[in-house]
Amino acid sequence: MEYECYCTEDNIQPNAILFNILSRTDNEPVDNNLNYIFAPRRCHCEMRRTVCLKTPGETCKTASDVLVKTINFMKSLPAFHQLPPKDQVALLRSCWAPLFILGLAQERVSFEVTDTPAASMLKRILLNCHENTSMQMEQPTLAGVNTLKSCLKKFWSLDLSPKEYAYLKGTMIFNPDVPDLKATLFIEGLQQQAQHALREVLLPLHPNDRGRFARILLTASSLNAITPSLITELFFRPVIGQTDLLELLTEMLFSK
């Protein structure tokens with residue numbers, strides 16, 4: 001689902017000088033004549049409205065526990081260790097975020113967000129911390145968080161059993177479509193085995209629900225709408241700072 005920005009150039013009203021300074025982008029020149037009588041309002045629609053966790057201490061700890069369980073699950077799969085190290089890293093890069101979201105769903109983790117404090121924007125201006133656009137981190141938006149919460153609710157409505165979660169995770173880990181894999185055929189076979197196991201476990205659990213397998217896979221496909229950067233910035237940036245999360249995950253994967 002796409003979110004359209006309804007903030008238009010027609011939305012113009014008088015603003016304070018400081019508000020105009022905070023509202024301008026890094027590339028806008030400062031008007032030395034201080035002609036700030038009229039200026040566009042900042043966008044507050046879902047697409048651009050940046051948010052952060054309401055209780056970062058508690059939520060980040062819970063998220064970290066889920067992430068550790070996610071990596072440990074991958075390490076517990078004997079077939080995963082049979083893959084070349086480079087394939088393991090490629091699969092990790094591809095699947096860690098969807099697996100983490102499945103972990104949130106399985107643990108029924110709920111969280112709330114709030115608007116990003118305006119003080120952080122003021123601090124950037126006062127300290128003149130203007131970074132190159134390509135180097136800036138993607139800030140979590142309300143639209144992205146709402147998409148994440150929608151996915152979690154879909155999985156909660158399915159009420160998956162631990163075995164269903166386990167085999168679904170297997171289908172997502174062993175993805176033969178990841179670029180530059182060496183053991184593509186072997187990984188494709190592992191994914192087919194995981195899908196078959198998931199289908200088989202559904203029969204005794206839900207004998208009268210023949211469409212459940214398709215609904216599970218369809219719901220899982222919605223995870224692709226959630227970017228790894230959203231997960232990183234929302235749940236882990238307050239903890240790891242500027243450290244590369246993928247490097248940490250790789251170290252965890254190959255640690256004894």
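This short talk walks through one pocket, some salt bridges and a group of aromatic rings in a single structure. Please keep in mind throughout that what you see above is a predicted model.

Let me begin with empty space, and in particular with the second largest pocket, whose volume comes to about 380 Å³. Its lining is made up of 18 residues, and those lying nearest the centre are Pro 98, Met 172, Asn 175, Ala 220 and Asn 224. If you want to find the pocket in the fold, look at helices α4 (85-106), α7 (162-173), α8 (184-205) and α9 (212-221), which are the elements that give two or more residues to this lining. Of these, α4 contributes the most, with 4 residues. As for chemical character, the lining of this pocket divides into 10 nonpolar and 8 polar residues, and there are no charged ones.

From the pocket I turn to charged side chains, where a search of the whole structure finds 8 salt bridges. I will go through three of them.

In one, the side chains of Asp 159 and Arg 108 meet at 3.9 Å, taken from N to O. Asp 159 sits in the loop between α6 (142-158) and α7, while Arg 108 sits in the loop between α4 and β4 (113-115), so this salt bridge ties together parts that are 51 residues apart in sequence. Asp 159 is exposed, at 53% relative accessible area, whereas Arg 108, at 47%, counts as partly exposed.

Another salt bridge joins Asp 209 to Arg 215, with the closest N and O atoms 2.6 Å apart. Here Asp 209 is partly exposed at 26% relative accessibility, and Arg 215 is likewise partly exposed, at 37%. While we are looking at this part of the chain, notice Arg 210, which is placed in the loop between α8 and α9 and counts as exposed, with a relative accessibility of 81%. The C-alpha atom of Arg 210 is 9.8 Å from that of Arg 199, and the two residues are 11 residues apart along the chain.

The third salt bridge I have chosen is between Arg 237 and Glu 233, whose side chains meet at 2.8 Å, N to O. Both belong to helix α10 (residues 228-240), and because they are 4 residues apart there, about one helical turn separates them. Are these two partners buried or exposed? Arg 237 is buried, at 16% relative accessible area, and Glu 233 is buried as well, at 12%.

Helix α10 also brings us to the aromatic rings, for which the count comes to 4 pairs. One of them is formed by Phe 100 and Phe 235, an edge-to-face pair with 5.6 Å from centre to centre and 65° between the planes. This pair links distant parts of the chain, since Phe 100 is in helix α4 and Phe 235 in helix α10, 135 residues apart. Phe 100 is buried, with a relative accessible area of 0%, and for Phe 235 the value is also 0%, which makes it buried.

Phe 235 has a further partner in Phe 111, again edge-to-face, at 5.2 Å between centres and 80° between planes. Phe 111 comes from the loop between α4 and β4, 124 residues away from Phe 235, and is buried at 5% relative accessible area. Together with Phe 236, the residues Phe 100, Phe 111 and Phe 235 form one aromatic cluster.

Finally, a word on cysteines: the structure holds 0 disulfides. Cys 52 is partly exposed, at 25% relative accessible area, while Cys 151 is buried, at 2%.

Terms used
Residues are numbered from 1 along each chain as its sequence is written. This is a predicted model: local features need pLDDT of at least 70, side-chain atom pairs count only at pLDDT 80 or more; totals for chains, interfaces and linings use all residues. Side-chain values use heavy atoms; hydrogens and water are left out. On a 1 Å grid over the protein atoms alone, a cavity is a set of points where a 1.4 Å probe fits but cannot get out, and a pocket is an open set with protein on both sides within 12 Å along at least five of seven lines; lining residues have an atom within 4 Å of a point. Grid points are joined across faces, edges and corners, and a volume is the space filled by probe spheres set on the points. Ala, Val, Leu, Ile, Met, Phe, Trp, Tyr, Cys and Pro count as nonpolar, Asp, Glu, Lys and Arg as charged, and the others, Gly among them, as polar. A salt bridge is a side-chain nitrogen of Lys or Arg within 4 Å of a carboxyl oxygen of Asp or Glu. Buried means under 20% relative accessible area, exposed over 50%, partly exposed in between (1.4 Å probe, protein chains only). A disulfide is a pair of cysteine sulfur atoms within 2.5 Å. Rings of Phe, Tyr and Trp (its six-membered ring) pair if their centres lie within 6.5 Å; planes under 30 degrees apart count as stacked, over 60 as edge-to-face and the rest as tilted.
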